[in-house]
Amino acid sequence: MSNWQKLNYSGDQFRPFHIRVDYCDEVVDFRDMYRFDDAVGAEWIDQTEKEIQDGYKYWVILRARVFLAGIEIGSHSLGGLLFDNTDQMESMMQSDFEDIIGEAVSVARHNLKQMAEAMAERVTA
């Protein structure tokens, strides 16, 4: 899995969490994503898939992962993103990371709450 840009966030705003935002390769095959989309033609799919394979386009996931004490406890991502260059990726990362981080932190808090409740049940049982 390739990671291009990594941004790390910590400090008072996210305390006690550490956040990592990055891009990684999309695991869903490009052709599979568009095979039922009648708005795009097979020729465009073939050409774009070749450009991705040849490294002229990027088929990626933007993700935010939340860590507590070095353990990943939550994440959120946007997948199926197609970019012509890394400048476009950088621009999206800077503009959309707050929403992705917010969702990832919500997941982390939910997971922590569930773990605390499960531990409380086991202790009192």
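The legends below describe an overview and three close-up views of a predicted model.

**Figure 1. Overall make-up of the protein chain.** The predicted chain contains 3 helices and 4 strands. Read from the N terminus, these elements follow the order β-β-α-α-β-β-α. Of the 125 residues in the chain, 32% are buried. The exposed area of the chain is about 8,100 Å², and 49% of that area comes from carbon and sulfur atoms. Counting contacts between residues at least 6 apart in sequence, 59% link residues at least 24 apart.

**Figure 2. Nonpolar surface patch of Val27, Val28 and Met33.** These three residues make up a nonpolar patch on the surface. Together, Val27, Val28 and Met33 have about 270 Å² of accessible area.

**Figure 3. Valine 27 in the loop between β2 and α1.** The loop that holds valine 27 connects strand β2 (18–25) with helix α1 (30–34). Valine 27 has a relative accessibility of 68% and therefore counts as exposed, since the cut-off for that class is over 50%. Valine 27 is also one of the members of the nonpolar patch.

**Figure 4. Surroundings of tyrosine 34 in helix α1.** Tyrosine 34 belongs to helix α1. Its relative accessibility is 18%, so tyrosine 34 counts as buried, because buried means under 20%. With neighbours within four places in sequence left out, tyrosine 34 contacts Val40, Trp44, Ile45 and Trp59. For one of these partners, isoleucine 45, the C-alpha atom lies 7.4 Å from that of tyrosine 34. Tyrosine 34 and isoleucine 45 are 11 residues apart along the chain.

Methods. Residues are numbered from 1 along each chain as its sequence is written. This is a predicted model: local features need pLDDT of at least 70, side-chain atom pairs count only at pLDDT 80 or more; totals for chains, interfaces and linings use all residues. Side-chain values use heavy atoms; hydrogens and water are left out. Patches are made of residues with over 30% relative accessible area and no salt bridge: like charges are joined within 9 Å, nonpolar side chains (Val, Leu, Ile, Met, Phe, Trp, Tyr) within 5 Å. Accessible areas come from the Shrake-Rupley method with a 1.4 Å probe; for residues, only the protein chains shown count as cover. A salt bridge is a side-chain nitrogen of Lys or Arg within 4 Å of a carboxyl oxygen of Asp or Glu. Helices (H or I, at least four residues) and strands (E, at least two) are DSSP runs, numbered from the N terminus. Buried means under 20% relative accessible area, exposed over 50%, partly exposed in between (1.4 Å probe, protein chains only). Contact means heavy atoms within 4.5 Å.
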